[in-house]
Structure formats: structure tokens, C-alpha cells
Amino acid sequence: MNQRILDPMTTNHANDADRSGDVTISRRHLLTVGAASATAATLPQAATAQATSPSASTTRPVPMAKVSLQVNGAVHTLELDTRTTLLDALREHLQITGPKKGCDHGQCGACTVIVNGRRINSCLSLAVMNEGHNVTTIEGLGKPGALHPMQAAFVKHDGYQCGYCTPGQICSAVAMLGEIQAGIPSHASADLTAAPQATVVEFRERMSGNICRCGAYSNIMEAVAEIAGSKA
Amino acid sequence: MKTFTYERARSPSEAATAAVRVPGAKFIAGGTNLLDLMKLEIEQPTHLIDVNGLVLDKIEPTQEGGLRLGALVRNTDLAADMHVRRDYGVLSRALLAGASGQLRNAATTAGNLLQRTRCPYFYDTNQPCNKRQPGSGCSAIGGFSRSHAVVGASDACIATHPSDMAVAMRVLDATVETVAPTGTTRRIPIADFHRLPGNTPNIETTLQPGELITAVTLPRPVGGTHIYHKVRDRASYAFALVSVAAIVQRDGSGRVALGGVAHKPWRVEAAEAQLPRGALAVTKQLLDGAKPTPQNEFKLSLVERTLGAALTQAKG
């Protein structure tokens, strides 16, 4: 089966699988399974090394903590190394890989998720700080065949090239329009006490925490402007 | 990142007590600066006290006619508060000129005050830095110093304070409210809160061990035109090379504080008497005794011009 998936030329075999009701496996699933088996293969060695090393046997155990997260509507309870960021909890423990690890220092915005209705950098928040919080990732905004309007607009306007920053861009854009609607001003707002306007000048300032190395900014702006009902 | 144990505090005084009970403990609120530094092992707390559950997230009027800003009010909420926008516009403007939308949603009032410098040598653990490792030396002196301090620095450190919010707090004469591990509370004028580097640049504030910020209070509004001008290398999402927080009255009098030029928000009250005479006169007194490096002496004229632009804007 692996051969079939890995070899894109064996389309006939794939069709056979469909007909026979065989399980179809996505590339992402395959990678997840592969990573898990790689871990299993290296574990016994690591355990042996620890048992025979006198210094390792006196090492204090890594502090762990329990946390419950509601991610895209489903509640997950995890026991995590306290150092685990929200981003790593999502990606490495829940296999929710939409949020991306770019800089891991809050500079690029690829890890942007929406927590309790607000966009944040999930790389700069510990998972344990998010006990009971409601987390929405790109996977929770829309699904293939039922895209969120912002996702559809990014596709329509070609708002990406490599796509790595896109989940963060879309989560950020959706929450950003909510911030304008909630009346939160920005550095680009001329009148501090007036309701902020949905203009491209506002969008550009408010989206400055999301970097796109491919430079798809003008297309991203067109997508955001369409959803906001304004002109790019 | 080094390992650490973790607890959620249930009251401000309990948090302060825990901070002195466990050696190497630190408070965590937004975490946007602390976690960044922990990943680089510049900060290595052994125990984190999560204060996010404390009810310190309110903005309330004070008896004196001012505002009390809870320590946990997020930067976005503080900037968007209608009282702040109307009566303390310089504070909204400063907050909105800093960081990104995502960071402002997480960062808190107290955490913003306690931000650490963005000096590249402080961030580079392969280089000497008196702030990160006392006694190791200062790599910025004689190094790449374009972004560094021009006033109030020492032979031990020429780092700047990175906060925009704190510059506005300084021009507004804010007061920092704290609780100590003993349970006693005190009020620290913002002017006395941040320290100059001297020989101990690793000690950045006058907070005592375990002392927790609970609120920042603003005095009664002073009126006037509120301006925050920030000059930086990008139009958005960058730290200031120079920033000017100004409150200018109709008669030309007013207040001025600077960001990006010193180890703390920089204000010289005596210089403000020169405001009716214009930016050059104010700048001369504000930056009296400045010791720029060849790489950052441009900041002296940049301060004058940025202040000049602010004063022109204030005249409408």
C-alpha cells in the first residue's frame, strides 16, 4: 500500500484500492504514521542509554502539567511538559498542523490562531496557560468543499504562492475584520475616537504581524478587501 | 528552553509570596517577551507563576478623577478603551504604534512596562553583555550601536527601553501600584520605576524581589492635544529609533517624553518650559549631556525634527 501512495505513477493501483474499498491514506496521515513509527524505533535505544548512564539516573523528571483545550469544537485533555507551547500542543500532540511554525518568536505570524475570539501567536503562549480556552485554527474555519469565505477569497485572488504563511494569514484576517467591527482603532486610524473604517490602509497596518516571504501581499489585500466589502 | 515547574496563582498576594518562596521564580502574564527570551535561554526561570487568572483586568475610574488600569488589561483593550482614547489619547496612540495585532491581544499593561531591551547583543548569548551576564562587558560599546541610547547610558550598558506604552505613561505621570510578598502595597511614580543602567544594567526597575504590579493609575486628564510620533525602519511592526510623546496645550505649553534614546522613557521636566520657543530649544535641554556613538548620533537631530513635526501637528 505504501508503494502505491508513494508512487504517483501507479494510478491504476489507486483505482483498484478505491474499488476494493481499501483504506485511502492522505500524505499528511502517512507522514504522521511515519513520524510515530520513527519515534517508536528510537525509544528503546534512548531508554537503554538512560538506564546505563549514572548521570541520567539522577536527573530530575521533566515537570508535566495537565491541560484541557477546546480546539475547533472538540475538547482534548493533555498531559504535557510545561514547556510545550500552544503551537506545539496543536501540531505535535493533536496533529492539527494548520498553524505553522515559522520563526517561533512571534515575528512572522505563521502560527496565528484564534483563542477565545482573539488572534494570537500560538508560539508565544504556553499550552498550560490556555486551560479551558476555545482555540480555532484554520481547520476549524472551513473544510474542503465548505470553505470559509476568507479561504475562498484567498483561492480566488491567488493570495499565496508557497502557502506556508496562509493558515496564519487567514486566521489573522478573519479576526482582524472582527476587530474593526468591534471598533478597535489602529495606528492607521486618523480619528482615534471615531469608529475605524474597513479600508486597505487599515488592513495593511493591522496585518503587519503576518509576513509572506513570497510577497503575495497585494493579492492577500484583494482577498481581504472583497470579504470586507471594500475596494483593494 | 530550560525546564520549569508551573502554578496558577489565586490572588495577587499569593502570587507575590510564591515568587520569593521558590528561588528563580517568575510571573507570567501575556508571555510574549518572556517566552521569547526563555526559548533563547536568556531567561531561565525554574518556576512560573501564571497570574492570568487574577482579576486585574479592569479599567475603572479613580476617586481623584483619573483611571486605574489593571495590570492584566491587554494592550488591545487599553488602546481601545473609550476613556483612554478620549482623555489619554497619547497612550492609545503609543500602544497602537507598538508590536502587531496578535501581540497586543496577548501583551498586558504590567508586562509591557517590564519588557526587556531588544539590544542585539543582549539577544546573542555568544557575546558579552552586562545586562544578561553582569561583569561580562558591553558588546554594543564599540559595536553595532545604531539603535542604542544617546542619553543616560553608562560604560556598562547603552541599551534602550523598547516600550512605546511606557513613554506615554511617563508623559502622563502615571503611578505603578504593587503588592509585596508581605502583603503590603505601594505606589511608585513612573519616573522612579525604570532605572538608568549605571553599573547594574541587569537591574531594570525599582521592584523588589517578589513584588507584583497590580495596576497603573493615571491622574485626572490634563486636556491638550495628544501626539505620539514614532520613527522606525518600517512603517509598522518595528521598534522605535526615536519616538516622541507630547501633550501640547493651546497656549503652547506642554509635556514631552522620548522613547528609543535611553534605558528608560526619557523626560526632563525643566526642558518643557522651552516648548513655546520651539523644538530646537527643547531638544537642547532634553538631550543635554548626550553621548551618542558615531552610529547613532543621527538620533539627536531626529529627536529635534520629530518633536518639531509633533509641535506643528499640535498647532493644527
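This is a short dialogue about reading strands, sheets, an interface and salt bridges in a predicted model.

Me: I would like to begin with chain A. Over how many bridges do strand β1 and strand β2 of chain A pair, and in which sense?

Reply: Two strands count as paired when at least two bridges are found between them. Here, β1 (residues 64-71) and β2 (residues 74-81) of chain A are antiparallel partners, with 8 bridges. To see one spot on this ladder, find Val71(A), which stands opposite Ala74(A) in β2(A).

Me: What lies between β1(A) and β2(A)?

Reply: The two strands make a hairpin, and 2 residues sit between them. In the turn, look for Asn72(A), whose phi is positive, about 50 degrees.

Me: In which sense does β1(A) pair with strand β5 of chain A?

Reply: That pairing is parallel, with 2 bridges, and β5(A) covers residues 134-136. Go back to Val71(A): this residue also stands opposite Val135(A) in β5(A). So you can use Val71(A) as a landmark for both pairings, with Ala74(A) in β2(A) and Val135(A) in β5(A).

Me: Now for chain B. What is the order of the strands in the open sheet with antiparallel pairing?

Reply: Read a sheet from one edge to the other. In this one, 3 strands of chain B are ordered β9-β10-β11. The edges are β9 (225-231) and β11 (254-259) of chain B, each with pairing on one side only. From one strand to the next, the twist averages 10 degrees. Strand β10(B), residues 242-248, is joined to β11(B) by 6 antiparallel bridges. One of the partners to look for is Gly259(B) in β11(B), which is bridged to Ser243(B).

Me: Which strands are at the edges of the open sheet with parallel pairing?

Reply: This sheet of chain B has 3 strands in the order β1-β3-β2, so be careful: the order in a sheet need not follow the numbering, which runs from the N terminus. Its edge strands are β1 (5-8) and β2 (25-28) of chain B. The twist averages 25 degrees from strand to strand. Between β2(B) and strand β3(B), residues 47-50, there are 4 bridges in the parallel sense. Ala25(B) and His47(B) face each other in this pairing.

Me: Which helix packs on that sheet?

Reply: Helix α1 of chain B, residues 12-21, does, and it touches β1, β2 and β3 of chain B. Compare the directions as well: that of α1(B) makes about 150 degrees with that of β2(B).

Me: How many residues does each chain bring to the contact between chain A and chain B?

Reply: An interface can be read by residues and by area. Chain A brings 40 residues and chain B brings 42. The two chains bury about 3300 Å² between them, and 55% of this is on carbon and sulfur atoms. On the chain A side, Arg83(A), Leu124(A) and Leu192(A) give 20% of the buried area, more than any other three residues.

Me: How many salt bridges and how many residue pairs in polar contact cross this interface?

Reply: There are 2 salt bridges across the interface and 23 residue pairs in polar contact. On the side of chain A that touches chain B, β4 (118-121) and α8 (166-181) of chain A are the elements that give two or more residues. Of these, β4(A) gives the most, with 4 residues. By class, that side has 13 nonpolar, 18 polar and 9 charged residues. For a salt bridge between the chains, look at the side chains of Asp104(A) and Lys39(B), with N to O at 2.9 Å.

Me: Which residue forms a salt bridge with Glu43(B)?

Reply: The partner is Arg116(B), and the closest N and O atoms are 3.1 Å apart. Glu43(B) is in the loop between α2 (34-39) and β3 of chain B, and Arg116(B) is in the loop between α7 (109-113) and α8 (120-123) of chain B, so this pair ties together parts 73 residues apart in sequence. Over all chains, the whole structure has 28 salt bridges.

Technical notes: Residues are numbered from 1 along each chain as its sequence is written. Chains are lettered from A and ligands numbered from 1 in the order in which they are written. This is a predicted model: local features need pLDDT of at least 70, side-chain atom pairs count only at pLDDT 80 or more; totals for chains, interfaces and linings use all residues. Side-chain values use heavy atoms; hydrogens and water are left out. Axes are lines fitted to C-alpha atoms, for helices over the stretch in contact, and angles run from 0 to 180 degrees between N-to-C directions. Contact means heavy atoms within 4.5 Å. Buried area is the accessible area (1.4 Å probe) that two parts lose on being put together, summed over both. A salt bridge is a side-chain nitrogen of Lys or Arg within 4 Å of a carboxyl oxygen of Asp or Glu. A polar contact is a pair of N or O atoms within 3.5 Å; within protein, one must be able to donate a hydrogen and the other to accept it, and residues adjacent in sequence count only if both atoms are side-chain atoms. Ala, Val, Leu, Ile, Met, Phe, Trp, Tyr, Cys and Pro count as nonpolar, Asp, Glu, Lys and Arg as charged, and the others, Gly among them, as polar.
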